[in-house]
Amino acid sequence: RPRVLTLGETMGLVRAGETGPLRAGASARITIGGAETNVAIGLSRLGIGALWLGRVGDDAIGEAVLAALRAEGVELAAEVDGERPTGLMVKESRVPGASRVSYYRSGSAASAMSPELLRPELFEGVELLHLTGITPALSRTSADLVHEAAVTAREHGVRVSLDVNYRSTLWSVDEAREGLQRLLPLVDVLFGGHGELFLLCDRTDRHHVADDSALLASLADAGSREVVLKRGDAGAASHRDGAYEEAAAFPVEPVDTVGAGDAFVAGYLAAVLESRSPVERLRQANACGALACLNTGDWEGTPTRRDLSAFLDGADPVVR
Ligand code: ADP
Ligand code: KDG
């Protein structure tokens with residue numbers, strides 16, 4: 001049985017094969033990506049069963065999404081839409097070291113997700129529901145789905161985690177604040193970058209957050225919520241039960257940092273389910289995030305339990 005339930009949009013991902021302006025005839029690779037399924041794959045690779053609720057179109061990209069998730073051992077509760085297409089993103093690197101992502105997702109099959117997708121059986125045996133701030137930005141009905149899923153989880157005694165994942169192409173900062181503040185009282189574990197967590201603070205609170213420790217404390221709901229700050233190459237910090245902890249990043253030479261946050265979240269949530277200490281949670285998450293930076297894919301570099309142990313043990317990369 002899956003221990004984690006997640007829901008959201010997963011798209012086809014067309015990645016240009018060469019650096020420079022995208023032009024006709026350029027090579028590309030087709031894969032898939034979506035913040036929530038990136039986390040589900042990360043969990044599955046760490047040995048934690050995950051179930052994904054979503055919608056795809058009745059098309060080749062939709063089939064590729066489902067096949068890739070199946071191959072990664074993610075359980076599926078996916079609906080196929082006969083009318084709307086699966087969304088798509090195009091990732092290009094116009095100058096070395098920088099990626100640009102364009103979305104082709106408005107009116108997608110996933111944007112038509114609604115609370116009708118929810119069935120009580122989905123929560124059976126589940127310990128955690130993982131959500132992101134992307135889904136409520138897709139459409140009114142997707143926002144309702146996210147809210148209702150969180151309410152249902154709470155009713156079933158299932159913990160709720162939320163990664164802010166602010167996407168400026170989907171909604172404005174003010175819309176995001178309003179949409180996510182409505183969800184916040186239902187969230188037990190909150191993840192975000194500095195700007196994303198700051199976005200959630202009330203205008204009055206914002207003057208009081210002198211440093212990261214104060215920022216996390218202001219969102220901790222008097223200690224009942226665990227708040228986790230992702231700091232890129234500076235690692236991460238957390239606030240849990242009134243205590244603030246920090247952990248440095250693992251030094252790596254990043255190839256592409258997109259998806260590092262999702263691998264980080266998978267590593268962190270796995271440690272939460274294993275009831276590990278606050279510092280161990282951050283360390284495992286940082287290791288997963290660092291490993292994900294070593295691969296150009298959004299989820300391909302997220303580690304298996306074996307890769308993670310080898311990395312943390314500092315094993316010689318060459319085995320003979
Ligand atoms: P997001 O992908 O959500 O924007 P970050 O860029 O903060 O999030 O990355 C998430 C985590 O991945 C970081 O907290 C860190 O653990 C790891 N990470 C990201 N970039 C690097 C890097 N350059 N070197 C080492 N670890 C990194
Ligand atoms: O977190 C990585 C995601 O950005 C990516 O896989 C696609 O879900 C995605 C999004 O909406 O940006």
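Which residues are around ligand 2? In this predicted model, the residues around ligand 2 are Gly-33, Gly-34, Ala-35, Asn-38, Ile-134, Arg-167, Val-258, Gly-259, Gly-261, Asp-262 and Asp-298. Helix H1, spanning 35-45, and helix H8, spanning 260-273, each contribute at least two residues to this shell, which by class comprises three nonpolar, five polar and three charged residues.

Ligand 1 is surrounded by 19 residues, of which the closest are Lys-230, Asp-233, Ala-260, Gly-261 and Gly-289. The shell around ligand 1 draws at least two residues from H8 and at least two from helix H9, which covers 278-292, and its residues divide into nine nonpolar, seven polar and three charged. Gly-261 is thus listed both among the residues around ligand 2 and among the closest residues to ligand 1, and H8 likewise supplies at least two residues to the shell around ligand 2 and at least two to the shell around ligand 1.

The two helices that contribute to the shell around ligand 1 also pack against each other, the axes of H8 and H9 lying 7 Å apart at an angle of about 150°. Because angles over 145 degrees count as roughly antiparallel, H8 is roughly antiparallel to H9, and the crossing of the two helices is right-handed. On the H8 side, the contact is made by Ala-260, Gly-261, Ala-263, Phe-264, Ala-266, Gly-267, Tyr-268, Ala-270, Ala-271 and Val-272, whereas H9 provides Glu-280, Arg-281, Gln-284, Ala-285, Asn-286, Ala-287, Cys-288, Gly-289, Leu-291 and Ala-292. By class, the residues of this contact between H8 and H9 comprise 13 nonpolar, five polar and two charged.

Key
Residues numbered from 1 in each chain as written. Chains lettered and ligands numbered in written order. Predicted model: local features only at pLDDT ≥ 70, side-chain atom pairs only at ≥ 80, totals over all residues. Near = placed C-beta within 6 Å. Helix = DSSP H or I, 4+ residues; strand = E, 2+ residues; numbered from the N terminus. Nonpolar A, V, L, I, M, F, W, Y, C, P; charged D, E, K, R; others polar. Axes fitted to C-alpha atoms, helices over the stretch in contact; angles between N-to-C directions. Parallel < 35°, antiparallel > 145°, perpendicular 65-115°, else oblique. Left-handed = near helix turned anticlockwise from the far one by under 90°. Contact = placed C-beta atoms within 7 Å.
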